[in-house]
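Colleague: Could you take a close look at one part of this model for me, the pocket and what lines it, and then add whatever else helps to place it in the chain?

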Amino acid sequence: MHIVAVGRAHPPNYYSQDFILSQIQALWGANTRESEKLERFHNATTVEGRHVALPIEEFHNITHFGHSNDVFIRVGLEIAEQAITQALDK
């Protein structure tokens, strides 16, 4: 087997790690012990930002695992299609 081309794609929404942390802290409350642990964890990852499947404001609409899984599958298929199309174009 020979690989003749590859494509790559990312979820459409990108947010800085600091912004994501601030959103979680606003949801949890910035002065809780869990918030402090989360901040240490985020800082330790040295990640500057993340691509996520949904706009940040839509995460509040996910109410259960099944819904989260449906979004994961839908966006995953869209991203896979982009990567495959890019590879085929090469």
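Modeller: In this predicted model, the element that gives the most to the lining of the largest pocket is α1, with four residues. That pocket has a volume of about 250 Å³, and the elements that give two or more residues to its lining are α1 (17-28) and β2. The lining itself is made up of Ile20, Gln23, Ile24, Leu27, Arg50, Val52, Ile56, Phe59 and His60, and by character these residues divide into six nonpolar, two polar and one charged.

Strand β2 (49-52) also leads to a backbone detail, since the loop between α2 (33-45) and this strand holds Thr46. Although Thr46 is not a glycine, it has a positive phi of about 55°, and Thr46 is exposed, with a relative accessible area of 68%.

Turning to charged side chains, a search of the whole structure finds one salt bridge, in which the side chains of Arg74 and Glu78 meet at 3.5 Å, taken from N to O. Both of these residues lie in helix α3 (residues 65-89), where Arg74 and Glu78 are four residues apart, about one turn of the helix. Arg74 has a relative accessibility of 41% and so counts as partly exposed, and Glu78, with a relative accessible area of 36%, is partly exposed as well, because the range between 20% and 50% is what that term covers.

Technical notes. Residues are numbered from 1 along each chain as its sequence is written. This is a predicted model: local features need pLDDT of at least 70, side-chain atom pairs count only at pLDDT 80 or more; totals for chains, interfaces and linings use all residues. Side-chain values use heavy atoms; hydrogens and water are left out. Buried means under 20% relative accessible area, exposed over 50%, partly exposed in between (1.4 Å probe, protein chains only). On a 1 Å grid over the protein atoms alone, a cavity is a set of points where a 1.4 Å probe fits but cannot get out, and a pocket is an open set with protein on both sides within 12 Å along at least five of seven lines; lining residues have an atom within 4 Å of a point. Grid points are joined across faces, edges and corners, and a volume is the space filled by probe spheres set on the points. Ala, Val, Leu, Ile, Met, Phe, Trp, Tyr, Cys and Pro count as nonpolar, Asp, Glu, Lys and Arg as charged, and the others, Gly among them, as polar. A salt bridge is a side-chain nitrogen of Lys or Arg within 4 Å of a carboxyl oxygen of Asp or Glu.
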